[in-house]
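Student: I'm new to this one, so could you walk me through it?

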Amino acid sequence: MTTDSSPTMPASSSGPRPITPWLKTYRQLLRSSGTRAAELRAALLGLTIAAALQGLALACLLPLFSSVLPDPDWPAVWTWLAVMTALMGLATVARWRAQGFDFDGHMAAATHELRTRLGEQLRRMPLERLQDKRTGEVSSTLLGNVDENLNYLLTVVNLILGAIVTPLVAALATLFVDWRMGLILLLIFPTILPLYRWRRPIFARNMRRLAETHQRINGDILEYTQGLPVLRAARCAGERAASLQEGFEELRLVQSRAQRAGNRPKVLIASLVELGLLLVVAVGVTWAIAGTLDVAVLAALLVMVSRFAEPLANFVNYTAILELIETALERIEALLAIEPLPQRTPTAVPTEFDIAFSGVTFGYAQGDRPVIRDLDAELPARRMTALVGPSGSGKSTLTRLLMRHADPQRGTVAIGGVDVRAIPPETLNGLISVVFQDVYLFDDTVLANIRMARPDASDAEVEAAARAARCLDFIERLPQGWDTPLGDIGGRLSGGERQRISIARALLKQAPIVVLDEPTAALDTESERSVQEAIDALVRDKTVIVIAHRLSTIAGADAILVLEDGRLVEQGRHADLLAAGRRYRAMWNAQQRAKAWHLIETEPDRDTLPPTDSQTIPNSAASEPR
Amino acid sequence: MHTDREKSEPDDKSPWAVMQPVRGQIRFAMALAGLGTFLSLVALAMLAWVIHRLIEAPGDWPWTPMFGVLVCTVLAYLLRINSFDQSHYAAFRLEQILRTRLSEHLARVSLGEIQRIGAGALAKVIQDDVKELHVFVADSTPLYARAYAGPAITLIALLWLDWRLALAAVAVLALGFVAMSLAMRDRAELVRRYHAARERVSAAVVEFVQAMPVVRTFDSGTDTFGRFQHALDAYLGFLTHWYREAGLSARLGMAVLNPMPTLAILLWFGAWLGWRESLDFSTWLAVLLIGTGMAEAMMPLMSLYHLIDKAKLSIDRIDEVMNTPELPQVAPEGARRPQDASLVFEGVGFRYDADGEEAVADLSFTAAPGTVTALVGPSGAGKTTVARLIPRFWDVTAGRVLVGGVDVREMRAEDLMGQVSFVFQDTFLFAGSIAENIRLGVPDASQEAVEAAARAAQAHAFIEALPQGYETRAGERGIFLSGGQRQRITIARAILQDRPILVLDEATAFADPENELALVAALSQLMRGKTVILVAHRLSTIRDADQILVLDRGRLAELGRHDDLIAHGGLYARLWHGYEQAQAWMLHPDTPPSAHAPSPARLAEMPS
């Protein structure tokens, strides 16, 4: 059953090489069509039968013409015409039914299922893999275009079968009428098929070169559009445009070369078809003159063969589309093959919320060296721990390991004594609230954006979270209040307002652990103040991990971990670390000096003054939430 | 035939218009394809002639028609290949022309427009949308010629051979045409809805992937992320509906526009004619050879329409970019040069949309040479807009902006840019060495000058520490530099450019404490001796500014020096107070800070 309905030829005629990949593609196709695999198999079988019936119908021309020439035998003529029409009718019915796969919505349903499955996979796969730029892009393209690739499947298969199965069946039938001509047909047409594989490497090589050029040009174009303000200010936009245009010229040359190179096999295959046609004419005429071939049979063969020429010549073009489908299928399989992070058994749910990193070493898959090296740290429950260090020192990576975007290569991360690898993913997600520097709001209403943290929250709870996050005043000022779609007014919310919505979301979630990753770094002063108030509400009574650039913000932390180059170089409370006079002290001093630095030099020695400007650091009462 | 289409649709711009720059070559390609089609039909007719000769004179070699078959087949084949080559080369040329035009156009469009559309979107138009045209221009044009020329030539030949059989073939074609038209009914509307549904899916996919870190934190594992699923469901619903709706007529069209029905009709009708009256076998054979393909030739039209629809979307986006207005340039003879390093706003008003509210209203101020003017105000007050009116991101809608005593609109762009340098919030480095990045706009600066600028920008030390020093590649494809380091490189660039007026849009975010210190030092070097317009998002840096403009909703609310404004007790005083509080904010889990942490007041007294 499997091999019969495959969109390929019996092995005898076209050799094993083109068969194997097609068989593989066929299997991948059935796998990717999920619950509609049976319908797909039936449709492909239907198309094959239709193509075969069409070949038989064409072969009816042979006896038909023989009964017209030299003297018409009318009853035989009507009989063969009837047989031929019946075969055509059956072919039409078979094809009609097969096309039901498209028109009855099975195809749409299959791609829908596949998309859902891919979407599920994106949710399961390690987040680190998804955030790797390349994988991320491939995944989104795949998810977006999966139907673009597969929708034409039936159309293409139908055309390819018309180019292969129909001529083959007609040629086989010809064997019974005139074995010599039948043999010639079999030799000419099916032997062309393997040639398409020969075209493939050339095609692939050119495609790769073209893709590289495109990618380079793409980078140049993006750089140009992004850099235009700077380029214009530097008065060299024209010059850059000129070098960009050289790139365009180069692209055209590569394209033209690829066109010429890609043409050669195409030309050759098409030539063989045309030559085959001419050969049939020449040999047929020779035998007809010698008297060993009926002119009627020759006439019928000419009508048949003239029907083959077009589909066969186009065959190579169709296979290009088939290659697209093959590539898409391979990518889909590769994406589906990515394993989610392994779940330790037995699973456990932590009841305490202290966090422990022990002997953790971690490097990103695409990086060459570890970003966290042999790190041990204990973060007490219901206390605040600050992570400080220069950019690239591994602060954010540490929080990502806690949230299990990836697993460390060595060591363990534990919450309440439970290895995070043993905590079911949904449970782990529920334990941690994160406030990032970049806020992601969904193209939905304000209400939905907050409520997504806990879909079953009551209106009162959502409102309470919004109030605590200082969102109420601006939400009520929005044109449609709570039901304002954020997509429409995206730009009208300030950074601080967006951040407060994300904090309301985190508040509603009521997770025992809160991660703050530079939540106010990108805000202006005015927004920062209200966001700070919102954060004060969020961190109450939680295990808090905070990353903040302004050290005075975290001076009150119960513990400060100083990271450098992935290692824990210092830890302790603010006062102890200052007294120790090492890394933390140096950072603190630098920041104090920056704060007191006068950008505008009115006196030459101003910048050497010690940072004692008490006005910039008012008393602590002002920072208390009221 | 595309010229006809164009004339018939003067209002709705035809997608064929995009081929204008390579029209000649495309026409040539289509002519070759048409001629090729003609010759392959002649070759088929010659085949019938071969048989005719064999029947008439058995045993004689039919040299002439056989030679004819050979010549016509080879020629038709060469023409076809050539036609595709021509259309492809034309398409590649068109890509190059369109990309060049787009990039040149962007160099003249106002920067505000570029920002509105977005650099990423523009790059996508130049790269992807132009690429999308390929199938339409390169592949479909020869097919178009064949799809129209084939049936037309066939019909003429058939009429000449036997008008009765010709009519039968036309009847089949007409039936197929009707079915196809039925399948295409309401197509425009359906295609529009299809693309709308697809776009929603794409948006949902992008959101789904980009927001995955957020999605995961709210992922309870019970059901698929709802918003993504909704978009998919809607798309499935629409697609299923469309397929069902068009199913019957589309399948009918495909069944009829297949060579088989034509072949059957021509066979039956021909045989019946031969039985009733008389039909020459060779004529019948010629009709069968030529006529069977007539309906088939129409088939590609169906998929061609689809391709053109797709191309249309891209063409629209390309046109949209090409139609963005260019910044008006002063005539060379009327151009004036700036006289000094002063900057004056005279009753400046600006609105983004003609009917929108004023982003800047009636703003007047003077910045004397060598002074520092700070722009402050709550978010959305128009600080950045004011700064961007100086380099003509947009032109003012009222009043005027004078640089060196001359209206910026009366200056050549080069003169304006030669007088003013800009340090923007987003640091942008080009692919190229760090030295090249610093040297941008001053290509003949010596290595010493570059290094001196870097030193002044506090960037020399870290650049020297890089693997290849100043020759290390930066930018997208270069090494990793922190935000603070990138900022200092752009400051070095501005120092090297050394222009009398400096517009500075202060960064809102600092990388880490040590970078912050270096950055502040670099900025003060840059500002030395310049007329400075500083957009301040943080207030610490502006206490010594010669004047502070306090903006509120596009209007000048207060103007003065720091101490005066504080004493005044207005908006600035309020902003300053909030700023001080934000600076002093200290996170604490649940215990009051005094319990175990030093209070900020005490922190300040710590030795440093």
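Tutor: First, a term we'll need: two residues are in contact if their C-beta atoms, placed from the backbone, lie within 7 Å. This is a predicted model, so local features need pLDDT of at least 70 and side-chain atom pairs count only at pLDDT 80 or more, while totals for chains, interfaces and linings use all residues. Residues are numbered from 1 along each chain as its sequence is written, and chains are lettered from A and ligands numbered from 1 in the order in which they are written.

Student: Among contacts in chain A between residues at least 6 apart in sequence, what share joins residues at least 24 apart?

Tutor: Leave out pairs that sit fewer than 6 places apart in chain A. Of the contacts that remain, the share joining residues at least 24 apart is 75%.

Student: How many helices and strands does chain A have?

Tutor: Helices (H or I, at least four residues) and strands (E, at least two) are DSSP runs, numbered from the N terminus. For chain A, that gives 23 helices and 10 strands.

Student: Which strands of chain A are the edge strands of the open sheet β6-β7-β8-β3-β9-β10?

Tutor: Two strands pair if DSSP finds at least two bridges between them. This sheet has 6 strands, and its pairing is mixed. An edge strand pairs on one side only, and here those are β6 (432-435) and β10 (567-572) of chain A.

Student: What is the average twist from one strand to the next?

Tutor: Axes are lines fitted to C-alpha atoms, for helices over the stretch in contact, and angles run from 0 to 180 degrees between N-to-C directions. Going from one strand of that sheet to the next, the twist averages 20°.

Student: In β8(A), what is the bridge partner of A:Ala386?

Tutor: Strand β3 (residues 384-388) and strand β8 (residues 543-547) of chain A pair in the parallel sense over 4 bridges. Within that pairing, A:Ala386 is matched in β8(A) with A:Val546.

Student: Which helix lies across β3, β9 and β10 of chain A?

Tutor: Look for a helix running at about 90° to β9(A), which covers residues 559-564. Residues 583-596 of chain A make up that helix, α23.

Student: Why is A:Ala506 called buried?

Tutor: A residue is buried if 20 or more other C-beta atoms lie within 10 Å of its own, exposed if 12 or fewer, and partly exposed in between; C-beta atoms are placed from the backbone. A:Ala506 is found in helix α20 (residues 495-509) of chain A, and it touches residues including A:Ser433, A:Val435 and A:Leu538. It counts as buried because the number of other C-beta atoms within 10 Å is 29.

Student: How many of the 626 residues in chain A are buried, as a percentage?

Tutor: Take the whole of chain A, with its 626 residues. The buried ones make up 47%.

Student: Chain A has another open sheet, β2-β1-β4-β5, so which strands stand at its edges?

Tutor: Its 4 strands pair in the antiparallel sense; for instance, 5 bridges join strand β1 (residues 355-362) to β2(A). At each edge, a strand has a single partner, so one side of it is left without a neighbour in the sheet. Those strands are β2 (372-379) and β5 (418-419).

Student: On to the other chain: which residues of β9(B) are buried on each side?

Tutor: Strand β9 (residues 501-505) of chain B is mostly covered, with 5 of its 5 residues buried. It pairs in the parallel sense with strand β6 (residues 420-423) of chain B over 4 bridges, and also with strand β10 (residues 531-535) of chain B over 5 bridges. Both faces are covered: one side has B:Ile501, B:Val503 and B:Asp505, the other B:Leu502 and B:Leu504.

Student: Which helix gives the most to the side of chain B that touches chain A?

Tutor: The contact takes 143 residues from chain B and 148 residues from chain A. With 18 residues, the one giving the most on the chain B side is helix α3 (residues 63-106).

Student: How far apart are the centres of domain 2 and domain 3 of chain B?

Tutor: Domain bounds come from an automatic or database domain assignment. For chain B it gives domain 1 (1-162), domain 2 (163-278) and domain 3 (343-430 + 480-580). Taken over C-alpha atoms, the centres of domain 2 and domain 3 are separated by 57 Å.

Terms used. Lists of a residue's contacts leave out its neighbours within four places in sequence.
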